[in-house]
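Work through the exercises below with the structure open beside you. Try each task before you read its solution.

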Amino acid sequence: MKIVVLVKQTPDTETKPKITADKKRLEEGEIKFVMNPYDEFAVEEALKTKEKIGGDSTVTVISLGPDRVVETIRTALAMGADTGIHISDPALDSADSYATAVALAAAAKKAGFDVIFCGKQAIDGDFAQVNSRVAETLDIPQINLTTKLDLSATGGKAERRIEGGEELIEFPLPALISCEKGLNEPRYASLPGIMKAKKKPLDKHDLAALGLSADAVKPRLQIQEIRIPEQKRRGVKLTGEVTETVPKLVKLLREEAKVI
Amino acid sequence: MAEKDVLIVAEQRGGTIRKISYELAGIGGQLAQKTGGELVAVLIGEGVQGAAASLGKYGVKKVLVADGPAFKLYSTEGYVTAAAKAVEKVQPGIVLTGASALGRDLSARLAQRLKTGLVTDSVGLDIVDGKLQGIRPALSGKIQHVVTIPESRPQIASIRPNVFNVPEANGPDASVETLDHGVDAGKIRAKVTEVRASAGAKADLTEAERIVSGGRALKAAENFKIMNDLADVIGATVGASRAAVDSGYAPHAMQIGQTGKVVNPTLYLGFGISGAIQHLAGMRTSKVIVAVNKDPDAPIWQIADYGIVDDLFKVTPALIEEFKKLLAQG
Ligand SMILES: Cc1cc2nc3c(=O)[nH]c(=O)nc-3n(C[C@H](O)[C@H](O)[C@H](O)COP(=O)(O)OP(=O)(O)OC[C@H]3O[C@@H](n4cnc5c(N)ncnc54)[C@H](O)[C@@H]3O)c2cc1C
């Protein structure tokens, strides 16, 4: 079975963002980059699937971004993936979800796949679009927010999270599965895994290699400005006996905040 | 007139229109007024024809209905195809969906099919220089993007629940038209076979207007009962921090935060929650935040509007009584 995982490199969750002077990007200097946490579930599920299906199953990791994303591909290889593809092209510098999905889909097609795993969203942009857009580009079913999966060589059953419950879905392969927390516990890269990863094949593809023109990846969305949202907080901190603090709080919630 | 119109993808479950649909009608109506177009809705489901006209009360002029057994349960393929048909028919300049599980799933696939841009999870929408401008949180709410869709049409946006007001329900019935949706149930590949409701009939956290949330300090699953009691009094849904979930005090479905749910209530009450950045990622956009924590220096105070520095086991029972007293007065 040919298994593809899409991974993104994102700032670590503790990152305190600083915005560039043109207000269009984040200063990268002090950011610590890690594998997008949801993509760890995707890599884990890909490896589990390979182990389950066996035979000559392979896991190919695909990532798009600047040279630093190679680290994240290597992390996935160290966890146990077989090969990596790094998509890099100046025309993708301001790629939005549309452009990213077109390029990722082309790379997945070139690599060949029966199933594609990805995270439910990347924690930097929080757009949660690339998954569905890749599936649409490839004309395959998508199972988003998957929390349980039972996959065979030809199809599978999944549970996905919706408001107030779960949906149970049956689907044929090929398909795209976006992974939600709870699906599995991602493994760590072992030291031998890290050593082995250094020797695993990692190809670099530009747009031409993917058979795409710059026009095919023209962004549809433009970021005009990045801002830090205002937090106007009242900051009323009550101390003392509950016989005093509690009635005071309730009064404030009714009369000042008007939420009760 | 085409291109000026705003199309909303209304949501229903089991034939009942969901609140997000009215929020869509509210902001959709405002945008249509600015573009000089009409507010049109598409309603997809089985046995939903009857509910369609009532969307008019909220300002929708016309409802296209895709009704049939193929839409009994949500499927990406069926619903996206029907929504795309509605877009083809209406030729709107703007399409709005909820940033709900359904709306997010549908809108991204629809946007790719139409080769256009999508503003996910909008918390602000306006028409600026004739174009839709969206404000959306990113990096777990630490930053906001101001975005536009410069050329491609329609401009699609999904809206975060509980942000946009529900308009007063005083409009005339909408005209209802059957949509020729062209969906063949037999051709849908990924099929929903069952929808399982999680225990408790309370509003889901992502849609709840009031949330009572407990942290590690609750110390035991049984102690969440006081959270439930308080929630019952004020009509809230109960959430939890990751520490409470990891300690087995609450199921993961209750987790709020970066790896849990993103919530946006009018009132969030956090009990014994330190306010770690990953927790804030899920609740920082709550309109009013109340903390109860014995540590006066806990990070939660940096974003709390109100709070009590004290033991939650002392505060909660007193709070339940005080709310009961207040609500009995009306
Ligand atoms: C990748 C990653 C993802 C994460 N995702 C999430 C997430 O989605 N959601 C989430 O919540 N966390 C998440 N976390 C965990 C987060 O960092 C914190 O560990 C967690 O939120 C702490 O939960 P807590 O506030 O309940 O517990 P603690 O940090 O232990 O805080 C307990 C608080 O209760 C107070 N307290 C103790 N006893 C009492 C009492 N009797 N009365 C009143 N106050 C009392 C203490 O002063 C303290 O402030 C994530 C972490 C990582 C690394």
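Two strands pair if DSSP finds at least two bridges between them. Keep in mind that this is a predicted model.

**Exercise 1. A hairpin in chain B**

Task: Find the bridge partner of B:Gln133 in S10(B). Then describe how S9(B) and S10(B) are connected.

Solution:
- Step 1. Locate the strands. Strand S9 of chain B covers residues 131-138. Strand S10 of chain B covers residues 143-148.
- Step 2. Read the pairing. S9(B) and S10(B) are antiparallel, with six bridges.
- Step 3. Pick out the pair. B:Gln133 has B:Thr148 as its bridge partner.
- Step 4. Look at the turn. Four residues separate the two strands of this hairpin. B:Leu139 sits in the turn and has a positive phi of about 50°.

**Exercise 2. The two sides of S10(B)**

Task: Sort the residues of S10(B) by the way they point. Are they buried or exposed? Which strand of chain A joins S10(B)?

Solution:
- Step 1. Recall the rule. Side chains in a regular strand alternate between the two faces of the sheet.
- Step 2. Apply it. B:Ile143, B:His145 and B:Val147 point one way. B:Gln144, B:Val146 and B:Thr148 point the other way.
- Step 3. Check the cover. Buried means under 20% relative accessible area. Six of the six residues in S10(B) are buried.
- Step 4. Cross to chain A. Strand S12 of chain A (residues 222-227) runs antiparallel to S10(B), and five bridges join them. Here A:Ile226 stands opposite B:His145.

**Exercise 3. Salt bridges**

Task: Explain what each of three salt bridges connects: B:Arg113 with A:Glu136, A:Lys148 with A:Glu159, and B:Glu23 with B:Lys19.

Solution:
- Step 1. Set the scene. Over all chains, the structure holds 43 salt bridges.
- Step 2. Take B:Arg113 and A:Glu136. Their N to O distance is 2.9 Å. B:Arg113 is in H4 of chain B and A:Glu136 is in H4 of chain A, so this pair joins two chains. B:Arg113 is partly exposed at 31% relative accessible area, whereas A:Glu136 is buried at 15%.
- Step 3. Take A:Lys148 and A:Glu159. Their closest N and O atoms are 3.7 Å apart. A:Lys148 belongs to strand S7 and A:Glu159 to strand S8 of chain A, so the pair ties together parts 11 residues apart in sequence. A:Glu159 is buried, with a relative accessible area of 11%.
- Step 4. Take B:Glu23 and B:Lys19. The N to O distance is 2.9 Å. Both residues lie in helix H1 of chain B, four residues apart, which means a separation of about one helical turn. B:Glu23 is buried at 2%, while B:Lys19 is partly exposed at 33%.
- Step 5. Look for a network. Shared partners link A:Glu163, B:Glu11, B:Arg13, B:Arg18 and B:Glu207 through salt bridges.

**Exercise 4. Two crossing helices**

Task: Describe how H3(A) and H4(A) cross.

Solution:
- Step 1. Choose the quantities. Packed helices are described by the angle and the distance between their axes.
- Step 2. Read them off. The axes of H3(A) and H4(A) come within 8 Å and cross at roughly 50°.
- Step 3. Classify. That angle makes H3(A) oblique to H4(A). The crossing is right-handed.
- Step 4. List contacts. Residues of H3(A), including A:Leu104 and A:Ala108, meet residues of H4(A), including A:Val134 and A:Leu138.

**Exercise 5. A sheet shared by two chains**

Task: Give the strand order of the six-stranded open sheet and name its edge strands.

Solution:
- Step 1. Write the order: S13(A)-S18(B)-S17(B)-S16(B)-S14(B)-S15(B), with parallel pairing.
- Step 2. Find the edges. S13 of chain A and S15 of chain B each pair on one side only.
- Step 3. Add the twist. It averages 20° from one strand to the next.
- Step 4. Zoom in where the chains meet. S13(A) and S18(B) are parallel, with three bridges. A:Leu238 stands opposite B:Ile308.
- Step 5. Add a helix. H8 of chain B packs on the sheet and touches S16, S17 and S18 of chain B. Its direction makes about 140° with that of S16(B).

Conventions
Residues numbered from 1 in each chain as written. Chains lettered and ligands numbered in written order. Predicted model: local features only at pLDDT ≥ 70, side-chain atom pairs only at ≥ 80, totals over all residues. Heavy atoms only, no water. Salt bridge = Lys/Arg side-chain N within 4 Å of Asp/Glu carboxyl O. Buried < 20%, exposed > 50% of the residue type's maximum accessible area, 1.4 Å probe, protein only. Axes fitted to C-alpha atoms, helices over the stretch in contact; angles between N-to-C directions. Parallel < 35°, antiparallel > 145°, perpendicular 65-115°, else oblique. Left-handed = near helix turned anticlockwise from the far one by under 90°. Contact = heavy atoms within 4.5 Å.
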